[in-house]
Amino acid sequence: MVQEIQHRVLTVMSEMLHCRETDIRVEASLRDDLKMDSLKLMTLMILLEDEFQQTISPEEVSGLHTVNDVIGFVEKKTAETPPP
């Protein structure tokens with residue numbers, strides 16, 4: 001399940017950033033390495049909401065700094081709240 005979530009998160013990110021999945025390192029900084037500003041981060045969260053059928057509030061994403069943080073967040077979110 002963890003590998004599946006990681007793959008799905010990386011797929012969404014690669015499509016959004018127009019790059020290959022293999023170009024995204026899990027330890028990469030969202031802002032510094034991937035050049036995501038607040039608008040791109042919100043776009044990513046909307047895409048992840050659609051992918052995982054979860055609701056994500058802006059407050060929940062304020063502490064996410066790396067790709068691995070996003071993967072961990074999605075893992076926790078999907079474990080807490082099964083999709084409708």
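**Entry 1: a term to settle before looking.** I begin with the word oblique, which I use for an angle between two helix axes that is neither under 35 degrees (roughly parallel), nor over 145 (roughly antiparallel), nor from 65 to 115 (roughly perpendicular). I looked up helix 2 and helix 3 with this in mind, and their axes cross at roughly 40 degrees and come within 12 Å. Helix 2 and helix 3 are therefore oblique to each other. I also note that what I am reading is a predicted model.

**Entry 2: the chain as a whole.** I looked up the elements of the protein chain and found three helices and zero strands, in the order α-α-α from the N terminus on. The radius of gyration is 12 Å, close to the 12 Å that the globule rule gives for 84 residues, so I write the chain down as being as compact as a globular protein of that length. The C-alpha trace spans about 30 × 25 × 20 Å along the principal axes of the chain. I then looked up burial, and buried residues make up 36% of the 84 residues. Turning to contacts with a separation of 6 or more, I found that 55% of them come from residues 24 or more positions apart.

**Entry 3: helix 1 against helix 2.** How are helix 1 and helix 2 placed relative to each other? Helix 1, which covers residues 2-17, packs against helix 2, residues 38-52, at an angle of about 135 degrees, and I found their axes 10 Å apart. This pair is therefore oblique, and I noted the crossing of helix 1 and helix 2 as right-handed. On the helix 1 side the contact is made by Ile5, Arg8, Val9, Val12, Met13 and Met16, while helix 2 brings Lys40, Thr43, Leu44, Leu47, Leu48, Glu51 and Phe52. Sorted by class, the residues of this contact of helix 1 with helix 2 are nine nonpolar, one polar and three charged.

**Entry 4: back to helix 2 and helix 3.** I returned to the pair from my opening entry and found that the crossing of helix 2 and helix 3 is right-handed. Which residues meet there, from helix 2 and from helix 3? I found Met45, Leu48 and Phe52 in helix 2 meeting Val70, Val74 and Thr78 in helix 3. The contact of helix 2 with helix 3 has five nonpolar residues, one polar residue and no charged ones.

**Entry 5: helix 1 against helix 3.** The axes of helix 1 and helix 3 cross at roughly 125 degrees and come within 10 Å, so I record this pair as oblique. The crossing of helix 1 and helix 3 is right-handed. From helix 1 I listed Val2, Ile5, Gln6, Val9, Leu10 and Met13, which meet Val67, Val70, Ile71, Val74, Glu75 and Thr78 of helix 3. By class, I entered nine nonpolar, two polar and one charged for the contact of helix 1 with helix 3.

**Entry 6: Leu48.** I followed Leu48, which lies in helix 2 and appears in the contact with helix 1 as well as in the one with helix 3. Is Leu48 buried or exposed? With a relative accessible area of 1%, Leu48 is buried, because the cut-off for that word is under 20%. Setting aside neighbours within four places in sequence, I found Leu48 in contact with Val9, Val12, Gln53, Ile56, Val70 and Val74.

**Entry 7: two loop residues.** His18 lies in the loop between helix 1 and helix 2, and Gln53 lies in the loop between helix 2 and helix 3. I looked up the backbone of each: His18 has a positive phi of about 55 degrees although it is not a glycine, and Gln53, also not a glycine, has a positive phi of about 55 degrees. For accessibility I wrote down 73% for His18, which is exposed, and 47% for Gln53, which counts as partly exposed. I also checked His18 against Leu48, and these two are 30 residues apart in sequence and 16 Å apart in space, C-alpha to C-alpha.

**Entry 8: Lys77.** My last look was at Lys77, which lies in helix 3, residues 67-80. Lys77 counts as buried at 12% relative accessibility. Not counting residues up to four places away in sequence, I found that Lys77 touches Gln54, Thr55 and Glu60.

How values were computed. Residues numbered from 1 in each chain as written. Predicted model: local features only at pLDDT ≥ 70, side-chain atom pairs only at ≥ 80, totals over all residues. Heavy atoms only, no water. Helix = DSSP H or I, 4+ residues; strand = E, 2+ residues; numbered from the N terminus. Buried < 20%, exposed > 50% of the residue type's maximum accessible area, 1.4 Å probe, protein only. Contact = heavy atoms within 4.5 Å. Axes fitted to C-alpha atoms, helices over the stretch in contact; angles between N-to-C directions. Left-handed = near helix turned anticlockwise from the far one by under 90°. Nonpolar A, V, L, I, M, F, W, Y, C, P; charged D, E, K, R; others polar. Rg over C-alpha atoms; globule rule 2.2 N^0.38 Å.
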